[in-house]
Amino acid sequence: ADYDFSRFRTEVANSFFARRCLERHLKNYQPHVLHIHTQSIALLAAPLLRQFPSVISIDITAALLAKAHPFPAHITYKPIIELERECFDSAAHIITWSEWARRSVIDDYNISSQKVTTIHPFIPLEIFNFESRSKPSKSKPRLLFVGNDFVRKGGEDVLAVFLEEFVESCEIDIVTNASIELPKLPNVRIYQGVRPLSPELLELYQAAD
């Protein structure tokens, strides 16, 4: 429930470590642009963000998480939101992965819309084997869902649509670290506890149609 402000303490600790690393490296060279992804490790970097041309890229804000999470998130997220506000204010520009997050930066943190840009996450096309599409194949189209936070990332919605509309015509691979309790389902494969960039995940990407 975060009564012990666990998220705040974790993000401050990570931000402290990140700032120490940055300060050590910045003694040896001057960057053209300082880019930090995400703000959860930049909460204590406001002085550095003001010192150099700087960009922060984010996928969500603590203000949005506070609204989505149950009590007492609206209380325990407040110190994170205040540090994020200083972080966003200090950066020269903020890149968001969605318009949803962009609106939050503008509306919840009072940041000028001129310094917030939405750039959707890209797909590394080079790891997909598109040549196979030109060849006749008896295999079914495969869908891939990757989301560590299965519910928040929309995994339940994706699975519901798949079971209603595509369970006979497609296959789906679900990659998540979340605990999912599901009965054995046709054409559904779940990969749990797979770390990013693992051989299993890379193989799954490469095999996807």
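## Exercises on a predicted model

In this predicted model, the side chains of serine 90 and arginine 50 make a polar contact at 2.9 Å. Let's start from there.

**Exercise 1.** Work out where serine 90 sits, whether serine 90 is buried or exposed, and which residues serine 90 touches.

*Solution.*
- Step 1: find the element. Serine 90 belongs to helix α5, a helix that covers residues 78–90.
- Step 2: check the cover. The relative accessible area of serine 90 is 9%. Buried means under 20%, so serine 90 counts as buried.
- Step 3: look for polar partners. Besides the 2.9 Å contact with the side chain of arginine 50, a polar atom of the serine 90 side chain lies 2.8 Å from the backbone oxygen of glutamate 86.
- Step 4: list the neighbours. Leaving out residues up to four places away in sequence, serine 90 touches Ala46, Leu49, Arg50 and Ser54.

**Exercise 2.** Now take proline 79, and say what its exposure class is and which residues it touches.

*Solution.*
- Step 1: place the residue. Proline 79 is in helix α5 too.
- Step 2: classify proline 79. Its relative accessible area is 24%. Partly exposed runs between the 20% and 50% cut-offs, so that's the label proline 79 gets.
- Step 3: pick out contacts. Skipping residues up to four places away in sequence, you find Phe5 and Phe8 touching proline 79.
- Step 4: set sequence against space. Proline 79 and phenylalanine 8 are 71 residues apart along the chain, yet their C-alpha atoms are 7.2 Å apart.

**Exercise 3.** Trace the four-stranded open sheet and explain why β1 and β4 have a side without a neighbour.

*Solution.*
- Step 1: read the order. The strands go β1-β2-β3-β4, and the pairing is parallel.
- Step 2: go to the edges. β1 (34–37) and β4 (116–118) each have a single partner strand, so one side of each has no neighbour in the sheet.
- Step 3: check the turn. Ignoring direction, neighbouring strands here are turned by 20° against each other on average.
- Step 4: zoom in on one pair. β1 and β2 (residues 54–58) run parallel and are joined by four bridges, and isoleucine 36 stands opposite isoleucine 56 in β2.

**Exercise 4.** Finish by describing the whole protein chain: how many helices and strands are there, and what share of residues is buried?

*Solution.*
- Step 1: count elements. You get eight helices and seven strands.
- Step 2: check burial. Of 209 residues, 38% count as buried.
- Step 3: look at the surface. The chain exposes about 13100 Å², with carbon and sulfur atoms supplying 57% of that.

Terms used. Residues numbered from 1 in each chain as written. Predicted model: local features only at pLDDT ≥ 70, side-chain atom pairs only at ≥ 80, totals over all residues. Heavy atoms only, no water. Helix = DSSP H or I, 4+ residues; strand = E, 2+ residues; numbered from the N terminus. Buried < 20%, exposed > 50% of the residue type's maximum accessible area, 1.4 Å probe, protein only. Contact = heavy atoms within 4.5 Å. Polar contact = N/O pair within 3.5 Å; in protein donor to acceptor, adjacent residues only side chain to side chain. Pairing = 2+ DSSP bridges. Axes fitted to C-alpha atoms, helices over the stretch in contact; angles between N-to-C directions. Areas by Shrake-Rupley, 256 points an atom, 1.4 Å probe, with all protein chains shown as cover.
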